[in-house]
Structure formats: structure tokens, C-alpha cells
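This report is meant to be read alongside the sequence and the structure, taking charged pairs, aromatic rings and one sheet in turn.

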Amino acid sequence: MLQSSPASAVSTVSTAEPFASPVSSHNEWDPLEEVIVGRLDGATIPSSHPVVTCNIPRWAARLQGLAAGARYPRVLIERAQEEIEQFVALLESFGVTVRRPDAVEHRRRFHTPDWSSRGFCNTCPRDSMLVIGDEIIETPMAWPCRYFETHSYRPILKDYFRRGARWTSAPKPQLTDELFDPDFRVPADGEPMRYILTEFEPVFDAADFVRAGRDLFVTRSNVTNRMGIEWLRRHLGPDYRIHEIESRCRAPMHIDTTFVPLGPGKVLVNPEYVDVDRLPDVLRSWEVLVAPPPDPLDDRLLKITSMCGKWLSMNVLMLDEKRVIAERHHTSMLRALESWGFEPVPCDLLHYAPFGGSFHCATLDVRRRGTLQSYVS
């Protein structure tokens, strides 16, 4: 049998065409082709660690202290499960490829050399992974209960990597006491802003960033510190710019109920959290759309279990520059989007709120049809 010489083998490898990455997403509005959607299976009430409780109402923190490590009540799971499956079906009806993480038993306790915790859930891939072009970055999250959350996505990540995507993990944080201010309390209105995180090490959630091509916008928060923002700035290098959006929220966590780019030169802002006159100068040519007040909730159970506040009405997902999936309950937002020239697609996802969010939180847009551009002046 004839065998190839080493030289011919090297030649074959060197002349092979490069992979076309299955991961390619540069902004929040190019036509959506593939998305990861979270999963509710095994969801566990998160631990009562101070970095968790500082971002939820006090009564919820007290309840959480009693029930941490327990599964969510079936009545919450079932309604949310029905809605997320309908959302997946809606995406697929528009020709979008949907990937889902593995189911995980989050009640299992895990350990690091410094601490132990149970898990939380894998409902919100937007938090633990950031897509920049053809790269997926696993983020160094500050909640101990989310330390290994991306493990449930590893089969998907390995598949993307084998097919040509870049796959990066930010430095895994220690999450020791030095990262958290022991004297922290949520500042009252009118008091200087305070954050529970120190600058001991870089931490950030991907959901504190939104993308507009070569420009990213971020809010510093109780899960994202300045070191985390700087780590990403250095990692991305000179081809990208990161701009901070000042938030007036007293307990900030995640930008996608504060500042939401909807298309080239159009951004939706939260009038409670954002002072339009203090937006970065690079946005001076953009049309700033002020979100209407959210419609009130009639469901008492949702009022007492939501982790995300009333402004989830802003947590929309763009299918392209015109079509936008938004919560059916929030009719004021649907009418506003229509008046601004968008085509809202109503969908139900109210009961996902106890698990971390709505349409934008519940997804990670892996592939959008478009190229890297600059949209700011």
C-alpha cells in the first residue's frame, strides 16, 4: 500500500481552506440566523450570598435565605416552561436555528479551594457568554452559584470550535471575600453611587454589554467592575471601543433594561436610569427612543418572584432591523415600537422573570447575517 510522505501531508494541511465559522454576530439587529435559548430544567433558588441579595428586593432576599438551594415551585416552572417552548417555536417559524444547553441538576453542591455553593440555572446564556464577531467569550461572573454555568453549554461550544469559531474564557475569578465590600449597602436616592464589588480581580457579566459593530456599550454594576471592563477592552484591542453608560439605578445589574440598541442609529433608553443629556458624545447622531412606562402586572405571584424589576418591557430581541420580539403583556411598548417604525412580534414570556429575564436575557445570538461596521460618529 502506498503511503503519503510527510512532505505531502504537510502540503495538504497547509493548502486546506480555512473553516467558515458558524459564529458571526456583530450587533443587536442584523438578520438573526442562529441563537442559543436557555433551559429551565433543574433551576434552583440561588444562594443568599451578598452579591446576589444586593440586587433583589429585601423581602425576596429574606425568602431566598430560607429557600436557597431548593428547586423553584412547580407552578413557576410550568408556566415559564410553556412560554419558553412557544418562544422557541416562534423563532424556528422565522427560520432561526435554535440550540439549547444540557439539562443540569443545579442543587448539586460544588467546591473551589476557597468556598462552596450550589448552582442556579442555565436560563440566561446572555449573562455567561459574549459573542464578538466569530468569538465566544466565557465571562468571569461574580455570583458564586453561577461559577460553572457554562459547563451546560460545553457541547455547543465544542461543536462551534470544531467548525471554526474562536472560543475564549476570561480569567476564572477567585470570588473570595476581598472582591466584595463588607460594608456595602444599596445607596438611597441622592447618595453617591456605590457598588458591592471591589477591584480585587476582573469580573463581568456579558449582559452588561451591548454591541453596535466596532463599538460596545457597558454599564458598571454590582456584577461588572472596572477591572472587568478593562480586561475586555485590552482583550478586544484597538479594533473596538468600549463606552460606559452611566446608570442612575441604585442596584444596577445588566444593561438590557437600561440601554438597548434597536438598529443603526437607534437606541431605546430607560427614562428612570438614563440621563439622555449625559450619553456618550459618540451617540450624538443617534435617535434616542425613550421607553414608555411598563404596563402594571396583575399577577401577584409574578410581583413577588421577579428578579428583574418592572423594566423587562425593554428586554426585546431584534429579528432584524425592523422586526422585534416583545412581550405581549406590555402593550404600551408594542405601540411605541410600532410608532417608531418597527414591526413588533408579540410573544408571551412574563413567567420567565423569576429565572432572570425576558427575550434578550434568555438568548445568545450566535449568528446574524452582516459584517463588522462602525455606526457611531
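Is Arg369 buried or exposed? In this predicted model, Arg369 has a relative accessible area of 52% and is exposed, because the cut-off for that class is over 50%.

## Salt bridges across the chain

Side chains of opposite charge can pair when their charged atoms come close. The structure holds 31 salt bridges, and one of them joins the side chains of Glu33 and Arg369, with N and O 3.0 Å apart. Although they meet in space, the two residues are 336 residues apart in the chain, since Glu33 belongs to strand 1 (residues 32-37) while Arg369 lies in the segment after strand 17 (363-368). The partner of the exposed Arg369 is partly exposed, for Glu33 has a relative accessibility of 22%.

Glu33 and Arg369 also take part in a network of salt bridges, in which they are linked with Glu34, Arg99, Asp159, Arg163 and Arg367.

## Two further charged pairs

Arg211 and Asp365 form another salt bridge, in which the closest N and O atoms are 2.7 Å apart. Because Arg211 lies in strand 8 (residues 209-212) and Asp365 in strand 17, this pair ties together parts of the chain that are 154 residues apart in sequence. Both of these residues, Arg211 and Asp365, are buried.

A salt bridge is also found between the side chains of Arg241 and Asp215, at 2.9 Å from N to O. Here the link runs from strand 10 (residues 241-244), which holds Arg241, to strand 9 (residues 215-218), which holds Asp215, and the two residues are 26 residues apart. How do the two partners stand with respect to the surface, and which of the classes buried or partly exposed fits Arg241? Arg241 is partly exposed, with a relative accessible area of 38%, whereas Asp215 is buried, with a relative accessibility of 0%.

## Aromatic rings and nearby charges

Across the whole structure, a search finds 14 aromatic pairs. Among them is the pair of Tyr147 and Phe148, whose ring centres are 5.1 Å apart and whose planes stand at 85 degrees, so that the arrangement is edge-to-face. Tyr147 is buried, at 12% relative accessibility, while Phe148 is partly exposed, with a relative accessible area of 31%. Together with Phe110 and Trp115, Tyr147 and Phe148 form one aromatic cluster.

Tyr147 also has a charged residue over its ring, as Lys172 lies over the face of Tyr147 at 4.7 Å from the ring centre. A similar description applies to Phe342, with Lys266 over the face of its ring and 5.0 Å from the ring centre.

## An open sheet of three strands

Strands of a sheet pair through backbone hydrogen bonds, either parallel or antiparallel. In this structure, three strands form an open sheet with the order 14-15-16 and mixed pairing. Strand 14 (317-318) and strand 16 (343-347) stand at the edges, and because each has a single partner strand, one side of each is left without a neighbour in the sheet.

How many bridges join strand 14 to strand 15? Strand 14 and strand 15 (residues 323-327) run antiparallel and are joined by two bridges. Within this part of the sheet, Met318 stands opposite Val324, a residue of strand 15.

Methods
Residues numbered from 1 in each chain as written. Predicted model: local features only at pLDDT ≥ 70, side-chain atom pairs only at ≥ 80, totals over all residues. Heavy atoms only, no water. Salt bridge = Lys/Arg side-chain N within 4 Å of Asp/Glu carboxyl O. Helix = DSSP H or I, 4+ residues; strand = E, 2+ residues; numbered from the N terminus. Buried < 20%, exposed > 50% of the residue type's maximum accessible area, 1.4 Å probe, protein only. Phe/Tyr/Trp six-rings, centres within 6.5 Å; stacked < 30°, edge-to-face > 60°. Lys NZ or Arg CZ within 6 Å of the ring centre and 35° of its normal. Pairing = 2+ DSSP bridges.
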